[in-house]
Amino acid sequence: VKFNVAEQLTVTMNGRYDQLKLSYEDSLPGAAAPALDKSFNVSSYRAGLNYELADSMAVYSNISTGFRAPTINQLFAGTISLTGNVAANPNLTPEKATNYEIGLRGKSDVMGGLEWDLAAFQIDRKDFILNVAGQYANPQTGVMDQYDNIGGMRNRGVELAVNSDED
């Protein structure tokens, strides 16, 4: 949904709902769990503001949410690394993220039409999935790590994008 609140101010909002179903089948003889499945239901949204400072320049901000579901390997199969095996964890939950962004974008006549965008952002994640060591380590079986939701993580940064349509 996008609508103009004032002549220079635009508000944007959207949302989505994802239903994921993951299935795993192990066809090796004697598999401990030959068939496993897991479902996740996750919603996400985005809300933003765009204020036109001039015909060729605007300031904007938005807040959005997102997620990353665990992979089949992280949930059921595990992986092999150079330092040993990483055990699966069927109790993993999706990572969830909230992104905050503020920026300035514009257009210039330089080089036949240069578009630019400068933004600062912060992404707060919870239930971040990582292979961790500790009580999972068992050198006799080769398992040294296990996937787990470790808690929170924060990313901050600044990005600059420049685009020219000139050939």
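Which strands each supply at least two residues of the lining of the largest pocket? The legend to Figure 2 takes this up, after an overview of the chain, which is shown here as a predicted model.

**Figure 1. Overview of the chain, in which one helix and eleven strands are assigned.** Read from the N terminus, the elements of this predicted model follow the order β-β-β-β-α-β-β-β-β-β-β-β. The chain has 167 residues, of which 26% count as buried. Among contacts between residues at least 6 apart in sequence, 60% join residues at least 24 apart.

**Figure 2. The largest pocket and the strands that line it.** At least two lining residues come from each of β3 (35-54), β4, β7 (95-108) and β8 (114-126), and the space in this pocket amounts to about 230 Å³. The lining is made up of Asn50, Glu52, Asp55, Ser56, Met57, Ala58, Arg105, Gly106, Lys107, Glu115, Trp116 and Asp117. Sorted by class, these residues comprise six charged, three polar and three nonpolar ones.

**Figure 3. Surroundings of Val59 in strand β4, which spans residues 57-68.** With a relative accessible area of 30%, Val59 is partly exposed, because this value falls between the 20% limit for buried and the 50% limit for exposed residues. Leaving aside residues up to four places away in sequence, Val59 touches Leu49, Asn50, Tyr51, Leu53, Gly103 and Leu104. For one of these, Leu104, the C-alpha atom is separated from that of Val59 by 4.4 Å, although the two residues are 45 residues apart along the chain.

**Figure 4. The largest nonpolar core, a set of ten residues.** The core is formed by Tyr24, Phe40, Val42, Ala69, Leu75, Phe76, Val86, Leu92, Ile129 and Tyr147. Two or more of its residues are given by each of two elements, strand β3 and helix α1 (72-77). As a general background to this view, nonpolar side chains in soluble globular proteins tend to be buried together.

**Figure 5. Arg16 in strand β2, which covers residues 9-25.** The relative accessible area of Arg16 is 53%, and this residue is therefore exposed, the limit for that class being over 50%. Its side chain is joined to the side chain of Asp18 by a polar contact of 2.8 Å. When residues up to four places away in sequence are not counted, Arg16 touches Val42, Ser43 and Ser44; the C-alpha atoms of Arg16 and Ser43, which are 27 residues apart along the chain, are separated by 5.7 Å.

**Figure 6. Gln146 in strand β10, which runs over residues 143-149.** Gln146 has a relative accessible area of 15% and is therefore buried, since buried residues are those under 20%. A polar atom of the Gln146 side chain lies 3.0 Å from the backbone oxygen of Ala88.

**Figure 7. Asp127 in the loop between β8 and β9 (129-132).** Asp127 is not a glycine, yet its phi is positive, at about 60°. Most residues other than glycine have a negative phi. The relative accessible area of Asp127 is 28%, so that this loop residue is classed as partly exposed.

Methods:
Residues are numbered from 1 along each chain as its sequence is written. This is a predicted model: local features need pLDDT of at least 70, side-chain atom pairs count only at pLDDT 80 or more; totals for chains, interfaces and linings use all residues. Side-chain values use heavy atoms; hydrogens and water are left out. Helices (H or I, at least four residues) and strands (E, at least two) are DSSP runs, numbered from the N terminus. Buried means under 20% relative accessible area, exposed over 50%, partly exposed in between (1.4 Å probe, protein chains only). Contact means heavy atoms within 4.5 Å. On a 1 Å grid over the protein atoms alone, a cavity is a set of points where a 1.4 Å probe fits but cannot get out, and a pocket is an open set with protein on both sides within 12 Å along at least five of seven lines; lining residues have an atom within 4 Å of a point. Grid points are joined across faces, edges and corners, and a volume is the space filled by probe spheres set on the points. Ala, Val, Leu, Ile, Met, Phe, Trp, Tyr, Cys and Pro count as nonpolar, Asp, Glu, Lys and Arg as charged, and the others, Gly among them, as polar. A polar contact is a pair of N or O atoms within 3.5 Å; within protein, one must be able to donate a hydrogen and the other to accept it, and residues adjacent in sequence count only if both atoms are side-chain atoms. A nonpolar core is a set of buried Ala, Val, Leu, Ile, Met, Phe, Trp, Tyr and Cys residues joined through side-chain atoms within 4.5 Å.
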